[in-house]
Amino acid sequence: MTTIDPSFPLYILDVNPVSTSFTKVGKAINNLDYKLAAKWASSSIDLIRRSLLFTVLEHRAYALSKLNKSEAAIQDAKEMISIAPNLSRGYLILCNMYAIQGKQQHVIDVYKTALENVKDYSSQHQQILIQEKIKAEQQNKKCVDFITRLPKELLYSIFFHLDQRSKSICCWDVSKKWRIVLLKRSMVWSTLNINDDVDQATTRRVSNILPHISTHIRTLIINTEDQDTCSRYLVDIYQGCLNSVKSLQIKMKSTKDMKPVLLKGLITMGIPQLGNTLTDLTLNFLRNEMDASIVIKLSDLLFAAPKLKHLEYTVPQYLSNINGDFTRLATLEHPLIDLYLSPLETTRNSIEPLLKHCRQLRCLNVHYCMEDFTDLFETYCPNLQLLGYNFDDNLKNRTRIICDNKFISKDNIGQSRRHGGLKELYMADYSMTGMTKFQHSISLIKNNATTLEVININDFFSISKHQQCGSSAMDDILGLPKLKNLTFGHSDEQHPIANLLLRSFSFSPALTTLRLSKEANLQTIIDSLLLLKRPLQNLKLALVNENSNNQLMRLFNYYISLLSLSSLSSSPTPTTSPSTTTLAKIELSDEANHLTDKVLDIISNIKTIKCFDVYSESTKISREGLTRMFKKLNAITHVELGGFNFIDDKEIVVIAQILKDRLTHIRLYYLNNLTTFGVILLMEYATRLKNIIVSDCPMIEDTKAIEEFAKMKEIDAQCYSW
């Protein structure tokens, strides 16, 4: 690699020659010799360019190279050469940048140009150019094309992980051999993502090479505001250029200026063209003002894509306007197994025709339900395993896991029969005009009690309390033998369903996760947890009064005793059966500010804790108490801290130094005295940190500095300003 003069950088800007020359300009003007004044002024300008500007560019190029901004440094080096083509320093910097990029032939060509322009054969700089050119030529002879040496599977894996620009521009242009390798493996081009973050050069190149790579594309994502780009790819679909696509995602941020014929063509020509291969379709027109007359109908989608398995449809229209005519599907039971619907409004009458023709559904996530229709799932969805009903959180990962399991079955006359029952229930994340009817909700839970593994009800206030079935029906304990996760958001303990579930979870042998809101009665919850006679893996509780500390200490002391019993018993006996689960995650919400150091001291003795999340502004927690706990939690890797007024830059550094060999993930929120500098120091000291989230900290304004430092340390950072 080219070596710049060891004395560089010089940090010297010699203005004397320019000053001397410019003085002569003034004297010439005073003597009314304007011709001579113009001559000396031109000389001064040339000196400024060749001396001052040249030197500043040299230093900036050096700094840019240290920041790994090679392209910017190359531009400065080229400008240096244009200013002083007979000086060697610009050529040396340019060659150094090309060598860093691995462009060895470029290095040789630049040295040849330099030797033609630097004519002083006796100068030291000329001799350096000759020596460096010889080194570059020798290095070029040693260059090996790695694609001829690496195992094919490793080579294809490398190409697969490159971004679109690297594949379509950088690698494509290297040689014919590279293009052949790029085209040989389908996985290299399996996903094509067209979005506004991609530069225009890449977009044009991908469009040009599309005929060569189209047969390899399995997933096509169109997410752009550029109507021409979007239209071009839709036309490619219509014309049959992308017949191998299995997953199509179209996310149009604006359809205002798009011709209606293109959207209509998506149904009449595009989707039918992909009908034999398309299994996954996402249409997101959330931010569009779309006329109901041109909206894509659900009935048309299902008819045009007979093999569709996953459908996600977000559109600013009532479901009744996007249903279409299902009579053409009268004899067709569509194989759709995963449906996400987010229209402006969903009613009972509008969704029933859709459910009638999608009886294979395993996962259904439907939004903006204005009327209750939960009873329809029992009638029309015999294979339903996951239900999201007015639930905002992203359930896509859960639906994929469920849909990947093969389980659809038929009876002896070919009709779908109920397989198992509902496994995951997510509902009431927000209230709409009509409340979910009590009898429908309790029926849904009771009829699937033996199969439910997840119950997540975020807002009990959106479920009516009216009991049609009589009070005696709620007196029993509900058997939930497979329940693993019970989560309440805003709960009303007096609500019959909430009360029933809180009384029943202690009899659920599979329960590992319990997450409850501040409205729950903590003493009752602790009593039920103690009845389990084993710790849960994940636990979220809220402090509601001063007695909450005593209840938490009662629970955690019991867990510590179970751990001690487990460590003493190498083989379980009928009378002492150590727990098979250990507490790994604790979330404490203390909006009432009652938490104390005593609770943290007890938590510090639960050595199995890996994740700790606490929000509190309690004055009964001290710096010493928090740091003492972290010193004793040897297994902890994930930390979330919010509210603490004593957590400033100094305290966060202390925590980072304590956890430096353990901490991998941290979230910091609502910390009023933490600054950007403290977060940067945290990332410096926590040597194993992989992920950091910072939000709602009022003294942190320069989030860009945090993200840049995180990038340098290879840490995934997400920062949200106050």
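User: Which residues does Leu-529 touch, leaving out those up to four places away in sequence?
Analyst: This is a predicted model. In it, Leu-529 touches Phe-505, Leu-514, Arg-534, Leu-536, Leu-539, Leu-555 and Tyr-559, with residues up to four places away in sequence not counted. A touch here is heavy atoms within 4.5 Å.

User: What makes Leu-529 stand out in the largest nonpolar core?
Analyst: Its contacts: Leu-529 is listed with Tyr-313, Phe-556 and Phe-630 as the residues with the most contacts inside that core, which has 166 residues. Helix 21 (residues 547-568) gives the most to this core, putting in seven residues. There's also a second, separate core of 28 residues, and Ile-81, Leu-94, Val-107 and Tyr-111 are among them.

User: How many aromatic pairs turn up in a search of the whole structure?
Analyst: The search finds 10.

User: Why is the Phe-391 and Tyr-426 pair called tilted?
Analyst: The ring centres are 5.3 Å apart, and the cut-off for a pair is 6.5 Å. The planes meet at 55°; stacked needs under 30 degrees and edge-to-face over 60, so what's left is tilted.

User: Where in the chain do those two rings come from?
Analyst: From distant parts, 35 residues apart. Phe-391 sits in the loop between strand 8 (386-389) and helix 17 (396-403), while Tyr-426 is in strand 9 (residues 424-427). Phe-391 and Tyr-426 are both buried.

User: And why does the Tyr-669 and Tyr-670 pair get the name edge-to-face?
Analyst: Its planes are at 75°, and over 60 degrees counts as edge-to-face. The centres, 6.2 Å apart, still make the 6.5 Å limit.

User: Are Tyr-669 and Tyr-670 buried or exposed?
Analyst: Tyr-669 has 8% relative accessibility, so it counts as buried, the limit being under 20%. Tyr-670 comes out at 39%, so it's partly exposed, since exposed would take over 50%.

User: How do you know that Arg-667 lies over the face of Tyr-669?
Analyst: Arg-667 is 3.9 Å from the ring centre, and the distance part of the test asks for CZ of Arg within 6 Å. Likewise, the charged end of Lys-167 sits over the ring of Trp-189, 5.2 Å from its centre.

User: Which residues form one aromatic cluster?
Analyst: Phe-373, Phe-377 and Tyr-389 do.

User: What do the buried residues of helix 23 pack against?
Analyst: Those residues are Gly-625, Leu-626, Thr-627, Met-629 and Phe-630, in a helix running over residues 623-632. They pack against helix 22 (597-603), strand 15 (611-616), strand 16 (638-642) and helix 24 (649-658).

Methods
Residues numbered from 1 in each chain as written. Predicted model: local features only at pLDDT ≥ 70, side-chain atom pairs only at ≥ 80, totals over all residues. Heavy atoms only, no water. Core = buried A, V, L, I, M, F, W, Y, C linked by side-chain atoms within 4.5 Å. Buried < 20%, exposed > 50% of the residue type's maximum accessible area, 1.4 Å probe, protein only. Helix = DSSP H or I, 4+ residues; strand = E, 2+ residues; numbered from the N terminus. Phe/Tyr/Trp six-rings, centres within 6.5 Å; stacked < 30°, edge-to-face > 60°. Lys NZ or Arg CZ within 6 Å of the ring centre and 35° of its normal.
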